[in-house]
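Could you take me on a short tour of this structure? I have it open in a viewer and would like to know what to select next and what I will find there.

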Amino acid sequence: MIDSYSDFRSALLLWYDQNQRMLPWRTKPSLYNTVVSEFMLQQTQIKTALPYFERWLIRFPDFHSLAEAETESVLKYWEGLGYYNRARNLHKLAQCLVDADAIPDTPDAWKALPGIGDYTAAAISSIAQNHPSAVVDGNVVRVLARLTNDDTNFSSNAQAVKQFTVLANQLLDSKRPGDANQAMMELGATLCTKGQPQCQCCPLKTFCLGFQAGKPEGLPAITRAKRTQVQENRAFIIREQRLLLYKIPSDAKRLKDHYELPSLEALGLTKDSKHLKKLTSKKRGISNQVITETVYELDTALNPIEEKEPFYWIDLKSIDRILLSGPHKRWIRDLLMLL
DNA sequence: AATGCGGGGGG
DNA sequence: CCCCCAGCATT
């Protein structure tokens, strides 16, 4: 397929040296910066993570400061980014490293730490420690599927990752593994994009079978999980400058310890009640669910509930101090403007 | 191997 | 509206 691995690696690295984006974890490289950025970038685009990364480094500049921080503070700085177990795992990881006798120096050693799988172990090892381990993320899968013109219909992303890991390691430049890995991902993020790849600018076009065959856009072919529809009805209730919120239990599977607008169900109400008035409705996606959420207000004559257990009356002035998921935070802000 | 986990970017 | 994003842990 590829005549000269040496030519391939040179072309890729030359392009990366000349075209890489300026990013804070590249400008100021360190083990800590690499670890934090890789956690934030799990299933999250660079553009989205960037402001979080900057704020994080000011508040938690190193492993030691992170290890010592309260979980609540750590989550507050992750608020809105999603996948909150990443923050909890990063926090635990910092504590592990501070306690450890030695820093891990192989992918397998990194994988023993919380929140680190195949991808992140290879990324940290190669970028921060010059270890020759290839990363295979969504970008790399796309680049390699096109490079080899592989039209396999993968039944999952994991299957594609597994298949392309072999090739990724064969192609990896062991002299500069961190840059070679980042170059493949940078290529996938900027030129070899899903929609309209800019093949004419691609440093790999002379090696790319997909380009030569003329149809790289359709690759890779991966069957995705079907989405299911869910309906949620919630209450927006304010009494005397306090908003009624529901605190998600610490043993819940998602959004543990976050606050949200209480569901009508939890309040013992149904959407058909005469005392409810529809305020607004929005649709959003979570994982493979499409949630249609409708918010109602309750007649001011009725006083719904005491402050007890998972229900809290939060003073509007202190709303910024509690943990809120992104959508609920925006929702509350919008509804307060409306009133 | 399949599923759940947030949220947002961009076509 | 859709797919996808520098994935991981659990089952």
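Start with helix α6 and what packs over it. This is a predicted model, so keep that in mind as you click along. Select residues 71-78 to light up α6, then pick out S73, V74, L75 and W78, which are buried. What covers them? Show α3 (31-40), α4, α5 (63-68) and α7 (85-99), which are among the elements covering the buried residues of α6.

Now step past the end of the helix. α6 is followed by G80, and the phi of G80 is positive, near 105°.

Next, select L81 together with DNA strand B. A polar backbone atom of L81 is 3.4 Å from a base nitrogen of the strand. Two other backbone contacts go to phosphate oxygens of DNA strand B: a backbone N or O atom of L255 lies 3.1 Å from one, and a polar backbone atom of G326 is 2.8 Å from one.

Which elements give two or more residues to the surface near DNA strand B? Colour α4 (46-59), β7 (276-286) and α14 (326-338) to see them. The largest share, 3 residues, comes from α14.

Finally, show everything around the strand. DNA strand B is surrounded by 22 residues, and the closest are Q45, R254, S287, G326 and R330. Of the strand's atoms that come within 4 Å of the protein, 60% belong to sugar and phosphate. Try colouring the surrounding residues by type: you should find 5 nonpolar, 11 polar and 6 charged.

Notes:
Residues are numbered from 1 along each chain as its sequence is written. Chains are lettered from A and ligands numbered from 1 in the order in which they are written. This is a predicted model: local features need pLDDT of at least 70, side-chain atom pairs count only at pLDDT 80 or more; totals for chains, interfaces and linings use all residues. Side-chain values use heavy atoms; hydrogens and water are left out. A residue is near a molecule or strand if one of its heavy atoms lies within 4 Å of it. A polar contact is a pair of N or O atoms within 3.5 Å; within protein, one must be able to donate a hydrogen and the other to accept it, and residues adjacent in sequence count only if both atoms are side-chain atoms. Helices (H or I, at least four residues) and strands (E, at least two) are DSSP runs, numbered from the N terminus. Ala, Val, Leu, Ile, Met, Phe, Trp, Tyr, Cys and Pro count as nonpolar, Asp, Glu, Lys and Arg as charged, and the others, Gly among them, as polar. Buried means under 20% relative accessible area, exposed over 50%, partly exposed in between (1.4 Å probe, protein chains only). Contact means heavy atoms within 4.5 Å.
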